[in-house]
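Subject: Handing over a structure, with notes on what was found

Dear colleague,

I am passing on the structure below, together with some notes that you can read beside it. Please keep the view open while you go through them.

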Amino acid sequence: MPTPLHQKSTLAEIEQRFDQDVERFSNLETGQIATIDAPLAMELITSAAMAATPVITKILDIGCGAGNNTIKLLRSHGGNFDCDLNDLSMPMLTRARQRVAQETRGRVNIIYGDVRTARLADDDYDIILAAAVLHHLRDEQDWTRTFTKIYRLLKPGGSFWVTDLVAHEIDQVQQLMWHRYGEYLEATGGKDYRERVFRYIDKEDSPRPVTFQLDLMRKVGFCSVDLLHKNSCFAAFGGIKGCPPGKPSCRHAAGS
């Protein structure tokens with residue numbers, strides 16, 4: 001049986017695991033080897049972010065790890081902007097700040113701790129990235145509060161982009177995709193690697209379907225949402241705060 005939500009890893013346990021994994025996450029190409037299509041997903045969310053929000057002055061990277069997604073965005077954008085980097089792990093943040101500061105003349109600020117409780121200004125960010133982090137959210141109230149906060153942190157016209165582990169609404173599809181993911185892990189690192197990844201996912205993670213997350217984005221106020229990519233148990237998707245030009249104005253649930 002899956003580990004119940006109340007028995008999942010604590011924030012301190014998650015922090016401890018990532019404190020010990022800085023070197024692996026510092027590789028732009030292979031840092032997310034346990035994630036199917038990780039380089040493609042990174043390329044898609046950063047490209048979509050630039051297409052949706054071409055004028056970038058400040059971004060927030062939630063669960064930034066060693067800074068790979070922010071670095072990818074900076075290199076693809078070719079400009080300089082301020083970067084707020086958030087993570088539970090101080091060793092990750094230290095490495096991320098070092099690496100990101102080499103890519104931009106903008107201000108690089110680190111925010112240590114849980115984004116859910118961090119004191120951040122509303123309407124402050126052009127882009128928010130969240131890669132391989134939201135699966136740590138727990139019950140539906142937790143998901144709703146977090147998505148509502150992210151919506152409020154964005155400037156009007158800003159956009160939010162996610163790549164993450166996802167679950168499925170249909171049990172038979174969940175079993176199918178989990179089996180496919182197991183085959184990927186075994187081909188990548190053998191049976192022991194597959195079992196090790198499955199153990200920490202069961203203990204630490206509580207992913208939701210991409211359909212749930214896209215619906216939740218609309219519920220909290222995002223008018224335009226889109227699915228960029230999905231392969232097995234991983235998806236890349238996002239949305240824009242505010243309506244595109246020519247689209248009738250929307251009533252934003254989070255701001256009403």
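In β7, which residue is the bridge partner of K230? That partner is A235, and with this pair in view you can begin to find your way around what is, please keep in mind, a predicted model.

The pair belongs to the contact between β6 and β7, two strands that run antiparallel to each other and are joined over seven bridges. Together β6 and β7 make a hairpin in which two residues lie between the strands, and in that turn S232 has a positive phi of about 55°.

If you now step back to the whole chain, you will find that its secondary structure consists of eight helices and seven strands. The C-alpha trace spans about 50 × 40 × 30 Å along its principal axes. A compact globule of 256 residues would be expected to have a radius of gyration near 18 Å, and because the chain has 17 Å, the value agrees with that expectation.

The sheet deserves a careful look, and it helps to trace it strand by strand. It is an open sheet of seven strands with mixed pairing, and its order is β3-β2-β1-β4-β5-β7-β6. At the edges stand β3 (108-112) and β6 (224-231), each of which has a single partner strand, so one side of each is left without a neighbour in the sheet. On average, and with direction ignored, neighbouring strands of this sheet are turned by 15° against each other.

Further in, β4 (residues 125-131) pairs with β5 in the parallel sense, over six bridges, and here L129 has W161 of β5 as its bridge partner. Helix α3 packs on the sheet, where it touches β4, β5, β6 and β7 (234-240), and its direction makes about 170° with that of β5. Helix α4 also packs on the sheet, but touches β1 (58-62), β2 and β4, with a direction that makes about 135° with that of β4.

Finally, there is the empty space to consider. A search of the whole structure finds three cavities of 30 Å³ or more, and the largest cavity holds about 750 Å³ of space. Its lining is made up of 46 residues, of which A131, A132, V133, H135 and H136 lie nearest the centre of the largest cavity. Among the elements that each supply at least two residues of this lining are α1 (11-19), α3 (38-52), β5 (154-165) and α7 (171-204). By class, the lining of the largest cavity has 26 nonpolar, eleven polar and nine charged residues.

The largest pocket has a volume of about 510 Å³. It is lined by 18 residues, and P2, K8, Q174, D205 and P207 are the ones that lie nearest its centre. The lining of the largest pocket divides into eight nonpolar, four polar and six charged residues.

With best wishes

Terms used
Residues are numbered from 1 along each chain as its sequence is written. This is a predicted model: local features need pLDDT of at least 70, side-chain atom pairs count only at pLDDT 80 or more; totals for chains, interfaces and linings use all residues. Side-chain values use heavy atoms; hydrogens and water are left out. On a 1 Å grid over the protein atoms alone, a cavity is a set of points where a 1.4 Å probe fits but cannot get out, and a pocket is an open set with protein on both sides within 12 Å along at least five of seven lines; lining residues have an atom within 4 Å of a point. Grid points are joined across faces, edges and corners, and a volume is the space filled by probe spheres set on the points. Ala, Val, Leu, Ile, Met, Phe, Trp, Tyr, Cys and Pro count as nonpolar, Asp, Glu, Lys and Arg as charged, and the others, Gly among them, as polar. Helices (H or I, at least four residues) and strands (E, at least two) are DSSP runs, numbered from the N terminus. Two strands pair if DSSP finds at least two bridges between them. Axes are lines fitted to C-alpha atoms, for helices over the stretch in contact, and angles run from 0 to 180 degrees between N-to-C directions. Contact means heavy atoms within 4.5 Å. The radius of gyration is taken over C-alpha atoms; the globule rule is 2.2 Å times the number of residues to the power 0.38.
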